[in-house]
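User: I would like a close look at one part of this protein, namely its strands and the elements that lie against them. Please go slowly and explain each term when it first appears.

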Amino acid sequence: MSSRRKTDDQLILHPSHSNDGIDRRGFLKCMAWAGTGIVWTIAAGGIPESRLFAGPRHGKETGKSSGGFDFVQISDSHMGFNKPANTDVAATLQAAVDRINSLDQRPEFIIHTGDLSHQSKAAEFDTMDQILKSAHPKQIFYVPGEHDTSVDDGKQYLERYGKDTKGRGWYSMDHKGVHFVGLVNVMQLEGMGQLGDEQLAWLEDDLRAVSASTPIVVFAHIPLWAIYPEWGWGTKDSEQAFSYLKRFGSITVLNGHIHQVMQKVEGNATFHTAMSTAFPQPAPGSAPSPGPLKVPAEKLRSVLGLANVTYLEKNHSLAVVDSPLATADHSSARLLRESLFHRGLFRSNLNVG
Ligand SMILES: [Fe+2]
């Protein structure tokens, strides 16, 4: 029943430890730095530890025996978008690829969490494919965003990226002891995201054979947690999905769609939304509606970026590093996040003691 994809298994491994002096009490304070890059490590029991992206890594930097590995998440490339919020989305996607290619530790694959295109046009997908060809990890796993499916019901997306998937494009794969699940929650859109009964039945079946000690990474376009339902930033039937996931000791959930970093820790689950490679969106509730947010040109790349995820085999934890395309001026990213703190959204969503 399951659709299992295979990952290449020949890339560089490296260990990493997170012990850089930012404890969980510093969580809220640290989130203000997310635009400059932070590692989040979810240790046993779901307690987050963190360190600055620029901080030193502990342990052997280049060892190959730990069993850990890195992968990168990018999201919301919106190829074809050309409004003032970003008139050159190809250039910023290329900058994201350059950033990936310059990472100290080469990631083993890339996950793209949807909105590859802006209008599902063949030329938009072609441009994205062309740019991503220059990425060093050649293996890329996708899930669709609503911009990839709303024009032709996902026909072209599935033809291009849906090989070996089930239903409307969902699948799972195993990589070095971690079980990855790509879900599609954009096909039945009425405001919020939705997974649908067929996919939920598949998910229950897919997870049945996986042991509770296996780390799980779930990725989908629309957040699988209720960030801001008034703007459709949540998934109607995500609770049903989590009823199948709750027995697992480590669950990491990666989403896109909202074009900004937000995190939540709940029990053994860590939820993370990624920046877009194309344009930022306003903080929840800070504008009349969601949509492209125009920031001064010199600040744009500080609110776009990618997430680098490290898996540490020793304690089955995953660490997420958010990295903007430009680090010279983080004021826009900081302002976005500070507005969230002031509105209490981060505080109310966190379960960090
Ligand atoms: Fe998007």
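Analyst: **Strands and what surrounds them**

Strand β13, which spans residues 305-312, is mostly covered, since eight of its eight residues are buried. A residue is called buried if 20 or more other C-beta atoms lie within 10 Å of its own, exposed if 12 or fewer do, and partly exposed in between, with C-beta atoms placed from the backbone. Strands (E, at least two residues) and helices (H or I, at least four) are DSSP runs, numbered from the N terminus. This is a predicted model, in which local features need pLDDT of at least 70 and side-chain atom pairs count only at pLDDT 80 or more, whereas totals for chains, interfaces and linings use all residues. Residues are numbered from 1 along each chain as its sequence is written.

Looking along β13, G305, A307, V309 and Y311 point one way, while L306, N308, T310 and L312 point the other way, and all of them are buried. Strand β4 (residues 69-74) runs antiparallel to β13, and five bridges join the two; strands count as paired if DSSP finds at least two bridges between them. Within this pairing, F69 stands opposite Y311 of β13. One residue of β13 can also be related to β14 (residues 317-324), the strand that holds D322. D322 and L306 are 16 residues apart in sequence, yet 5.9 Å separate their C-alpha atoms in space. D322 counts as buried because 27 other C-beta atoms lie within 10 Å.

A second strand, β9 (residues 216-219), is covered on both faces: I216 and V218 are buried on one side, and V217 and F219 are buried on the other. With β8, strand β9 pairs in the parallel sense over four bridges, and G182 stands opposite F219 there. β9 also pairs with β10 in the parallel sense, again over four bridges, and in this pairing F219 stands opposite L254. Between β9 and β10 the chain passes through helix α7 (residues 238-245), and this β-α-β crossover is right-handed, a term for a path from the first strand over the helix to the second that runs clockwise when the strands point away from the viewer.

Two residues of β9, V217 and V218, are among those with the most contacts inside the largest nonpolar core, which has 78 residues. Such a core is a set of buried Ala, Val, Leu, Ile, Met, Phe, Trp, Tyr and Cys residues joined through C-beta atoms within 7 Å. The largest share of this core, seven residues, comes from helix α2. Another of the residues with the most contacts in the core is A220, which touches T113, V143, L183, V184, N185 and N255 when residues up to four places away in sequence are left out; here two residues are in contact if their C-beta atoms, placed from the backbone, lie within 7 Å.

The loop that follows β10 deserves a separate look, for H257 is found between β10 (251-255) and β11 (262-266). The phi of H257 is near 75°, a positive value in a residue other than glycine. H257 is buried because it has 29 C-beta neighbours inside 10 Å. K176, in the loop between β7 (171-175) and β8 (178-182), likewise has a positive phi, near 50°, but K176 is partly exposed, with 14 other C-beta atoms within 10 Å.

Finally, we come to helix α6 (residues 197-208), whose buried residues are covered by elements that include β7, β8 and α7. The buried residues of α6 are Q199, W202, L203, D206 and L207. Seen down the axis of α6, these buried residues fall within an arc of 125°, so they line one face of the helix; the arc is that of the directions from the helix axis to the C-beta atoms. On the other side of α6, D197, E198, D205 and R208 are exposed.

For the setting as a whole, the protein has nine helices and 14 strands, and 51% of its 353 residues count as buried.
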